[in-house]
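Okay, can everyone see the screen? I'll put the sequence and the model up, then walk through what I found.

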Amino acid sequence: MKTIKDVSLSGRRVLVRVDFNVPLNERGEVVDKTRITAALPTIQYLTQNGARVILVSHLGRPKGEKNPKYSLKPVAKALEALLGQSILFCEDCLGEDVKKTAENLRDGEVILLENVRFYKGETDNDPAFARSLASCAEAYVNDAFGTAHRAHASTVGVTSYLSPCVAGFLIEKEITYLGDKISHPQRPLTVILGGAKVSDKISVIDALLEKADCMLIGGAMAYTFSAALGHPTGDSLVERDKLDVASRALAKAKKKNVEILFPVDHVVSSAVDFSSRSVGELKVVQEGEMPDGFGGVDIGPRTIELFTQRIANSKTVLWNGPMGIFEIPGCDQGTFAMAKAIAESPAISIVGGGDSISAIQKSGYASKVSFMSTGGGASLEYLEGKVLPGIAAMDA
Ligand code: ADP
Ligand code: MG
């Protein structure tokens, strides 16, 4: 896959697919600028090298209709401030006005187009729509990893009409960390998996059993494995219809010589109320001793010690999924301990998943992580070894 470093885009009109799908408040202001900030290195590299930048993104799910609620106009303002440069906002993503504005662009100038999902042709990857969208530009850069697993007009369709088609720095980084650093890791490679469900992650577990040396399993997912092993699980969240899936993963781990570690003790609660973020009586029990009327809400102190040791002795660590119901105080210790262990380990560390990233940010250790993958579904599919259409469409 070629990147913006491999080609010269000076003096050329470049359509740049970014991910500006940011949260807005009721007044239409951007409340979290993380995604805009993340796109700056690619935009700045392009402008500094004389490209004429035409940014295209989606925001929310307007379902193919123009809807001011999902306008990218507030993003234009936020981007202008962050970039320290005035940018032009087009009230559409295609048409004569866009074409004219693009033709009048000078080297280093930037346009932001209106929400590309105001047209159904975007998610349908309609060729005629892709052609019109592409017609304002000559070359293409994709830097929106989070939508790379979708074959949409702005991620795949336009590449038929533009050349070169290359990746920006964000995509390059995701591919480096989720690809190379996991497929050819510095060993031992330890994978920490948690979160709510085995069913969400089974394909990832399967793929990672081919690569990891050790797998640490926590979160609710651990209880489905526990049940598959015939241990008592009390009121813990168990996916009864996934016991065979868990057993198959265990068999595969054995065959592939991957050491899987499960919690040896648990923090359990008599009642969990998600709406009030409260739990009943909390106590620590050993694995195999789950009392009736109690369910697991976090890994216990001995497990923290066991997992921390493994993380300290790893050269590469990949973490997806919290160890407990970290949103509720008292059930967050295991998750925060993993964040600390990762921060203190010399290993290359990669953290992915919306809840895992918010947990590591809450823990205060985010800056100690080598890479935080923000791709969500795209990251999981990439780890599963699937070919992402948006990546496949880039020049090789
Ligand atoms: P990510 O977004 O990082 O991929 P997931 O969405 O898979 O993570 O899982 C996060 C959710 O898992 C959190 O809401 C957390 O409360 C829940 N969870 C973790 N451990 C447990 C548990 N023991 N019981 C119930 N829910 C749990
Ligand atoms: Mg989640």
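A quick convention before we start: helices and strands here are DSSP runs, H or I over at least four residues for a helix and E over at least two for a strand, and they're numbered from the N terminus. With that in hand, take Pro188, which sits in the loop between α6 (169-183) and β7 (189-193). The peptide bond joining Arg187 to Pro188 is cis, with omega at about 0 degrees.

Housekeeping, in two goes. This is a predicted model, so mind the filters: local features need pLDDT of at least 70, side-chain atom pairs count only at pLDDT 80 or more, and totals for chains, interfaces and linings use all residues. Residues are numbered from 1 along each chain as its sequence is written, chains are lettered from A and ligands numbered from 1 in the order in which they are written, and side-chain values use heavy atoms, with hydrogens and water left out.

Right, the overall layout. The protein chain splits into domain 1 (4-170) and domain 2 (185-384), with bounds that come from an automatic or database domain assignment. Their C-alpha centres are 37 Å apart.

Next, a six-stranded sheet. It's open, it pairs in parallel, and the order reads β3-β4-β2-β1-β5-β6; two strands count as paired if DSSP finds at least two bridges between them. β3 (88-89) and β6 (165-167) are at the edges with a single partner strand each, so one side of each has no neighbour in the sheet. Further in, β2 (residues 52-56) and β4 (residues 110-112) run parallel, joined by three bridges. One pairing you can click on is Ile54 with its bridge partner Ile111 in β4.

What lies across this sheet? Helix α1 (residues 34-48) does, over β1 (13-17), β2, β4 and β5 (139-142), and it runs at about 155 degrees to β2. For angles, axes are lines fitted to C-alpha atoms, for helices over the stretch in contact (heavy atoms within 4.5 Å), and the values run from 0 to 180 degrees between N-to-C directions.

Two backbone oddities while we're here. There's another cis peptide bond, between Ser163 and Pro164, again with omega about 0 degrees, and Pro164 is in the loop between β5 and β6. Then Asn125 has a positive phi of about 50 degrees despite not being a glycine; you'll find Asn125 in the loop between α4 (120-124) and α5 (127-134).

There's also a three-stranded open sheet, antiparallel, ordered β13-β10-β14. β13 (282-286) and β14 (295-299) are its edge strands, each pairing on one side only. The twist averages 40 degrees from one strand to the next. Four bridges tie β10 (residues 265-269) to β14, and Val268 stands opposite Gly296 in β14.

Keep Gly296 in mind for the ligand. Which residues come nearest to ligand 1? Of the 19 around it (a heavy atom within 4 Å), those are Lys201, Gly296, Glu327, Asp355 and Ser356. For polar contacts, meaning N or O pairs within 3.5 Å, a polar backbone atom of Gly296 is 3.1 Å from a ligand 1 nitrogen. A polar side-chain atom of Ser356 lies 2.5 Å from a ligand 1 oxygen, and a polar backbone atom of Gly354 is 3.4 Å from an oxygen of ligand 1. Altogether the protein covers 86% of the 580 Å² of accessible area ligand 1 has on its own, by Shrake-Rupley with a 1.4 Å probe.

That's my tour, thanks.

Technical notes:
Polar contact = N/O pair within 3.5 Å; in protein donor to acceptor, adjacent residues only side chain to side chain.
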